[in-house]
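The following exercises concern a single structural model and are each followed by a worked solution. Please examine the sequence and the structure before attempting them.

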Amino acid sequence: RLSGYSPFVLAALVFIVALLTSAGLYVHRLMTNGDNLDYLFISWITATGDVLNPFRWRFPVAYSYLLTLWLWATGSRGGGDLFMLSTRTVASAKLLGIGLVVPAFGALLYWLRQIKAPFPILIGLLLATAQPLMAQFSSIGAEPLFIFLSLLSLALWEGAVRRENPPAGLWAAASACTLAAIQTRQVGMAIPVAALGYLILFRKRHSFAWLRAAHAAAWTPLVLSLLLAVLTNPTYLKFFFANPETVETVRPPFLQILSGNFAVYGWTIPDALVPKLFGATGVLRLSGAGALALPLALALYAVVLLGVKIVFSREESAGRISIFYVAASLLVFMVCPYSATRYVVPLLPVLLWLALLGLLRLGRALTGRSVRPLAAVLLAWIGFQLATDVFAAEKNLRMIWRLRDRPPWHPERYVPTSEVDFAGLLDAGEWIGRHAPADSAVVSAKALFVQISSGRRVDYPFAMEEALRRSEKNGTALYVVLDSFPVGGYGLP
């Protein structure tokens, strides 16, 4: 019975489990998407004195500035360029993400309290042992910071909804935190959009003064972020709203994007909610019960939708902004031409909470009791996830120890995850580093990765003519590294 323990002890248990899980699942290689190298490159340029450099990239700026300060504070900002990127710099950048585990789970527990979620500690432990979530904290990217800021923003908004006269400081904190979330990932705009959706649909629940303050708190970060995007780097805005003929990147037909993302996220969400159950390596497929995957996935969606119905049928408004946030985020994901599991990860706390509300209602309807049976199911679920985490951590730590003298971009690090094509790309870079003169011209679609593995300057294909002229001038060969990845794709064949 968890109720017999101090809330501080239970919260500490969640923090400890989350830290141990993130450490055990530590991603010991550079991720195969190019963002992590871009962020390291941005932080190096910023640390050299070009403090406005993050605004010239397609990414929001919050994580870039945080990473710059962290690498400077830890004395591991790297050398003069990516040729001198060290294992220490990569490890330090990854430790920043792990360091965000505690504030992120603090924000999670605070949010669960604001929406009056059942079993908050068990939900915390479920998420602390969820591999799709915890593996993100050792990535070099905006996800760990965004998970923290998005949960804190939702908690502040939900707290404001519960009060008829919130203090000005609460509105200011909600607005500032929302702005910080958007400046970490642009999909954070779903937070003020969710708040505005709530204000429009449920305006009769609140006073004029409350609505005025809420509108100011929502519109301020949204307008400021849009202005920053337009004035600094409107790459994403152009992609979605500009004339397709004026956009450099080819934009697939809308229905093609929609159908493709529907197929991807239709399975990504159940797999993230119940890790190791679905998919080619899930329990269902391995036990010969793969035919149950679709019915169970549909049942999971039904339970989540039942949770949504429960929240909107209550008299109190707790949780409604969080639901609008998930809906707005999923809408963005569905029309975005790129898809990835990591996009869904920040939504897991809300989706899991809704699933548990649905399960509670089903348990009460079927058996007349719901609390104890569901608590037992959650404990078993946590135990299963913990067992898979221990198994994965044992293999992961053995691999880390075996490759301890190899750089984070060594080809062998990508073999256990079946990223064999990417391992071949890095192996080609190492071959160039061993055989090509230092002033050789090299071209690759994955230029930064080939650059760090070869120690040679590498150009993207759009600079092919310049690279050819340089090779003729230096009297060296032109090396072109070909790959079989789809446009914008990495890693898996």
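**Exercise 1. The largest cavity**

How many nonpolar, polar and charged residues are there, by class, in the lining of the largest cavity?

Solution. The model is a predicted one. Step one is the search itself: over the whole structure, five cavities of 30 Å³ or more are found. Step two takes the largest cavity, whose volume is about 130 Å³. Step three turns to its lining, which comprises 15 residues; Pro60, Gln183, Gln186, Ala229 and Thr232 are the closest to the centre. Step four asks for the main contributor: helix H11 (residues 208-231) gives the most to this lining, with three residues. Step five sorts the lining by class, which yields nine nonpolar, five polar and one charged residues.

**Exercise 2. The open sheet**

Determine the order of the strands in the three-stranded open sheet, and state which strands form its edges.

Solution. Begin with the pairings of strand S1 (residues 441-444). Four bridges join S1 to strand S3 (residues 478-481), and the two run parallel. Two bridges join S1 to strand S2 (residues 458-459), again in parallel. The chain passes from S1 through helix H21 (residues 447-454) to S2, and this β-α-β crossover is right-handed. The order is therefore S2-S1-S3, given that two strands pair if at least two bridges are found between them. S2 and S3 are the edge strands, as each pairs on one side only.

Individual residues give the register. Valine 442 is set opposite tyrosine 479 in S3, and valine 443 stands opposite valine 480 in S3. Valine 443 also has a bridge partner in S2, namely aspartate 459.

**Exercise 3. Faces of the strands**

On S1 and on S3, which side chains are buried?

Solution. Take S1 first. Ala441 and Val443 lie on one side and Val442 and Ser444 on the other, and all of these are buried, so that both faces of S1 are covered. S3 follows another pattern, in which the side chains alternate. Tyr479 and Val481 point to one face of S3 and are buried. Leu478 and Val480 point to the other face and are not buried.

**Exercise 4. A stacked aromatic pair**

Describe the geometry of the pair formed by phenylalanine 202 and phenylalanine 312, and state which parts of the chain the pair ties together.

Solution. A pair of aromatic rings is described by the distance of the centres and the angle of the planes. The structure holds 20 aromatic pairs. For phenylalanine 202 and phenylalanine 312, the centres are 6.2 Å apart and the planes form an angle of 25°. The pair counts as stacked because planes under 30 degrees apart fall in that class.

Next, locate the two residues. Phenylalanine 202 belongs to the loop between helix H10 (190-201) and H11, and phenylalanine 312 to helix H15 (residues 293-313), so the pair ties together parts that are 110 residues apart in sequence. Phenylalanine 202 has a relative accessible area of 17% and is buried, whereas phenylalanine 312, at 29%, is partly exposed. Finally, both belong to a cluster linked by ring pairs, with Trp157, Trp171, Tyr198, Trp210 and Phe324.

**Exercise 5. Positive phi angles in a loop**

In the loop between helices H5 and H6, consider lysine 116 and phenylalanine 119: what is phi for each, and is each residue buried or partly exposed?

Solution. The background is that most residues other than glycine have a negative phi. Lysine 116 is located in the loop between helix H5 (101-114) and helix H6 (120-128). Its phi is near 55°, a positive value in a residue other than glycine. With a relative accessible area of 45%, lysine 116 is partly exposed. Phenylalanine 119 lies in the loop between H5 and H6 as well, and its phi, near 50°, is also positive. In accessibility, phenylalanine 119 is buried, with a relative accessible area of 17%.

**Exercise 6. Sequence and space**

How far apart are leucine 122 and threonine 184 in sequence and in space?

Solution. Leucine 122 is part of helix H6 and is buried, at 5% relative accessibility. Leucine 122 and threonine 184 are separated by 62 residues in sequence and by 29 Å in space, C-alpha to C-alpha.

Notes: Residues are numbered from 1 along each chain as its sequence is written. This is a predicted model: local features need pLDDT of at least 70, side-chain atom pairs count only at pLDDT 80 or more; totals for chains, interfaces and linings use all residues. Side-chain values use heavy atoms; hydrogens and water are left out. Buried means under 20% relative accessible area, exposed over 50%, partly exposed in between (1.4 Å probe, protein chains only). A crossover is right-handed if, with the strands pointing away from the viewer, the path from the first strand over the helix to the second runs clockwise. On a 1 Å grid over the protein atoms alone, a cavity is a set of points where a 1.4 Å probe fits but cannot get out, and a pocket is an open set with protein on both sides within 12 Å along at least five of seven lines; lining residues have an atom within 4 Å of a point. Grid points are joined across faces, edges and corners, and a volume is the space filled by probe spheres set on the points. Ala, Val, Leu, Ile, Met, Phe, Trp, Tyr, Cys and Pro count as nonpolar, Asp, Glu, Lys and Arg as charged, and the others, Gly among them, as polar. Rings of Phe, Tyr and Trp (its six-membered ring) pair if their centres lie within 6.5 Å; planes under 30 degrees apart count as stacked, over 60 as edge-to-face and the rest as tilted.
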